[in-house]
Amino acid sequence: MLIAIVYTSESLFDFDMETLKALMVQSRVNNTKHGITGLLLYREREFIQVLEGEEEDVNSAYQHIKNDFRHKRVEAIFKEPIERRYFPNWSMGLCRAEKSATLRDRPLSDLKYDKISVYKLLHEFKRGDM
Ligand SMILES: Cc1cc2nc3c(=O)[nH]c(=O)nc-3n(C[C@H](O)[C@H](O)[C@H](O)COP(=O)(O)O)c2cc1C
């Protein structure tokens, strides 16, 4: 069964573009191996990530990522079965969310209580609006 997990977390330090890119390169290698696709957004020490794939693979990737010392307060917004992937062509998309119209000044963690905005945000990214 295909599932998606979306979580938010707080980074322990400022991730510059170089560090983010290194994380993305490593993630793409691992995720390709495990059939995981998704998106990682970063803004002002906050992450939001979508992980999609087979249930077992996504659960194990999520557990692994959760234990990464570089972030804390890792909290799933939702975990649910999906009919098809939202990011089929991304082993891990990466974006800085500074320009997001959905977010404006809201912290990413706000999205925990607002699933509709999560989808809007992902849609914005997909359309290339950020
Ligand atoms: C915010 C965040 C998102 C991450 N996303 C992924 C990911 O999508 N895939 C992945 O393999 N590793 C991801 N990582 C890195 C993993 O936590 C871990 O460092 C990496 O998989 C290497 O693990 P290993 O040293 O056990 O091979 C992420 C880390 C952070 C902090």
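Student: In what order do the five strands form the open sheet?

Tutor: Good place to start, and keep in mind that this is a predicted model. The pairing in this open sheet is mixed, and the twist averages 15° from one strand to the next. The edge strands, each pairing on one side only, are β4 (71-81) and β5 (93-96). Reading across the five strands, the order is β4-β1-β3-β2-β5.

Student: How many bridges join strand β1 to β3?

Tutor: Strand β1 covers residues 2-11, and β1 and β3 run antiparallel. One position to look at is Ile5, which stands opposite Leu51 in β3. The number of bridges joining β1 to β3 is nine.

Student: Do β2 and β5 run parallel or antiparallel?

Tutor: Let's take both partners of β2. With β3, β2 pairs in the antiparallel sense over seven bridges, and Arg43 stands opposite Glu46 there. On the β5 side there are four bridges, and Leu39 stands opposite Gly93. The sense of β2 with β5 is parallel.

Student: How many of the seven residues of β2 are buried?

Tutor: A residue is buried if 20 or more other C-beta atoms lie within 10 Å of its own. By that cut-off β2 is mostly covered. The buried residues of β2 number five.

Student: Which residue in the turn between β2 and β3 has a positive phi of about 40°?

Tutor: β2 and β3 form a hairpin with two residues between them. A positive phi deserves a look because most residues other than glycine have a negative phi. Arg45, in the loop between β2 and β3, has a positive phi near 65°. The residue with about 40° is Glu44.

Student: Is Arg45 exposed or partly exposed?

Tutor: The exposed class takes residues with 12 or fewer other C-beta atoms within 10 Å, and the buried class takes those with 20 or more. Arg45 has 15 such neighbours, so Arg45 is partly exposed.

Student: What is the phi of Arg73 near?

Tutor: Arg73 is placed in strand β4. Arg73 counts as exposed because there are 10 C-beta neighbours inside 10 Å. Its phi is positive, in a residue other than glycine, with a value near 50°.

Student: At about what angle does α3 run to β4?

Tutor: Helix α3 spans residues 115-127. α3 lies across β1, β2, β3, β4 and β5. Its angle to β4 is about 90°.

Student: Which residues does Val118 touch, not counting residues up to four places away in sequence?

Tutor: Val118 lies in helix α3. Its 19 other C-beta atoms within 10 Å are why Val118 is partly exposed, as the buried class begins at 20. Val118 and Ile48 are 70 residues apart in sequence, with their C-alpha atoms 9.2 Å apart in space. The residues Val118 touches are Val6, Ile77 and Leu111.

Student: Does Ala22 count as buried or exposed?

Tutor: Ala22 has its place in helix α1. The C-alpha atoms of Ala22 and Ser100 are separated by 23 Å, with their positions 78 residues apart along the chain. Ala22 has 11 C-beta neighbours inside 10 Å, so Ala22 counts as exposed.

Student: Which element gives the largest share of the shell around the ligand?

Tutor: The ligand is surrounded by 16 residues, and the closest are Ser27, Asn30, Phe47, Ile65 and Asp68. Two or more residues of the shell come from each of α1 (17-33), β3 (46-54) and α2 (55-66). By type, the shell holds six nonpolar, eight polar and two charged residues. The largest share, five residues, comes from α1.

Student: What radius of gyration does the chain have?

Tutor: The chain has three helices and five strands, running β-α-β-β-α-β-β-α from the N terminus on. Its C-alpha atoms fill a box of roughly 35 × 30 × 25 Å along the principal axes. A compact globule of 130 residues would have a radius of gyration near 14 Å, so the value for this chain agrees: 13 Å.

Student: What percentage of the contacts with a separation of 6 or more comes from residues 24 or more positions apart?

Tutor: Two residues are in contact if their C-beta atoms lie within 7 Å. Among the contacts with a separation of 6 or more, the share from residues 24 or more positions apart is 75%.

Note on methods:
Residues are numbered from 1 along each chain as its sequence is written. This is a predicted model: local features need pLDDT of at least 70, side-chain atom pairs count only at pLDDT 80 or more; totals for chains, interfaces and linings use all residues. A residue is near a molecule or strand if its C-beta atom, placed from the backbone, lies within 6 Å of it. Ala, Val, Leu, Ile, Met, Phe, Trp, Tyr, Cys and Pro count as nonpolar, Asp, Glu, Lys and Arg as charged, and the others, Gly among them, as polar. Two strands pair if DSSP finds at least two bridges between them. Axes are lines fitted to C-alpha atoms, for helices over the stretch in contact, and angles run from 0 to 180 degrees between N-to-C directions. The radius of gyration is taken over C-alpha atoms; the globule rule is 2.2 Å times the number of residues to the power 0.38.
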